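Here's a quick briefing to read with the model open beside you. Follow along in the viewer as the topics come up.

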Amino acid sequence: MSATAGQAQDERGLAERLGLKAGQVVQEVGWDEDCDEALRESIEELTGNELVDEDYDDVVDVVLLWWRDGDGDLFDALSDAMTALADGGQIWLLTPKAGREGHVEPSDIGEDAATAGLSQTSSVSAARDWSGTRLVAPKARR
């Protein structure tokens, strides 16, 4: 196997960790230079679609929300992210891991997610410096 093929397989694995599937439309919110490019590329590779930005005006399957302490009001960001979600869609909240600049306390995530009407279903190591928290609307709302 060539280094390129192995690298592509590893990158696809990052997106698979998030449970993403081919054909899904993923909206990216909060991108900055500190975001993990390998994760972004793996999402595009797996879904077969480029990431769409905040200005995308159709429904999406997944919102990828990069969030750092100091970015503003997380409740507002989650509420805004929900407006673009298709029924049954999910938000992946990506925050810097503990000990890294911009880390967000899990208790803050849980509190703001619950206030926004979202349930936290899982957490993963999404990338080298980023943790991912999967948030969904309760089944009654879907």
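Glu54 sits in the loop that runs between α2 (37-47) and β2 (60-66), and keep in mind that this is a predicted model. That loop residue counts as partly exposed, because Glu54 has a relative accessibility of 47%. Glu54 also belongs to a negative surface patch, together with Asp53, Asp55, Asp57 and Asp58.

**Overall layout**
- Going along the sequence, you'll meet the elements in the order α-β-α-β-α-β-α-β-β.
- That gives the chain 4 helices and 5 strands.
- Of the 142 residues in the chain, 42% are buried.

**Helix α2 and its surroundings**
- Leu39 is part of helix α2.
- Why does Leu39 count as buried? Its relative accessibility is 0%, and the cut-off for buried is under 20%.
- Leu39 also has a partner from elsewhere in the sequence: its C-alpha atom is 6.5 Å from that of Ala127, although the two residues are 88 apart along the chain.
- Helix α2 holds a charged pair as well, with Arg40 and Glu37 placed 3 residues apart, or about one turn of the helix.
- In general, an α-helix has 3.6 residues a turn, so residues three or four places apart point the same way.
- Arg40 and Glu37 do form a salt bridge, and their closest N and O atoms are 2.9 Å apart.
- The two ends of this bridge fall into separate classes: Arg40 is buried because its relative accessibility is 17%, while Glu37 comes out as partly exposed at 35%.
- Glu28 joins in too, as Glu28, Glu37 and Arg40 are linked in a network of salt bridges.

**Other salt bridges**
- How many salt bridges does the structure hold? There are 6, including the ones picked out below.
- Side chains of opposite charge can pair when their charged atoms come close.
- Asp34 and Arg68 make one of these bridges, with 2.8 Å between the closest N and O atoms.
- This pair ties together distant parts of the chain, 34 residues apart: Asp34 is in the loop between β1 (26-29) and α2, and Arg68 is in the loop between β2 and α3 (74-82).
- Buried or exposed, where does Arg68 fall? Arg68 counts as buried, since its relative accessibility is 10%.
- Its partner Asp34 counts as partly exposed, with a relative accessibility of 39%.
- Another bridge joins the side chains of Asp129 and Arg128, at 3.6 Å from N to O.
- Arg128 is exposed, with a relative accessible area of 65%, and Asp129 is partly exposed at 26%.

**Helix α4, face by face**
- Which residues of helix α4 (residues 106-115) are buried? They are Ile109, Asp112 and Ala113.
- Look down the axis of α4 and these buried residues fall within an arc of 100°, so they line one face of the helix.
- Turn to the other side of α4 and you'll find Ser107, Glu111, Ala114 and Thr115, which are exposed.

Note on methods:
Residues numbered from 1 in each chain as written. Predicted model: local features only at pLDDT ≥ 70, side-chain atom pairs only at ≥ 80, totals over all residues. Heavy atoms only, no water. Patch = residues over 30% accessible without salt bridge, like charges linked within 9 Å, V, L, I, M, F, W, Y side chains within 5 Å. Areas by Shrake-Rupley, 256 points an atom, 1.4 Å probe, with all protein chains shown as cover. Salt bridge = Lys/Arg side-chain N within 4 Å of Asp/Glu carboxyl O. Lys, Arg positive; Asp, Glu negative; His and termini not counted. Charge placed at Lys NZ, Arg CZ, Asp CG, Glu CD. Helix = DSSP H or I, 4+ residues; strand = E, 2+ residues; numbered from the N terminus. Buried < 20%, exposed > 50% of the residue type's maximum accessible area, 1.4 Å probe, protein only. Arc of directions from axis to C-beta.
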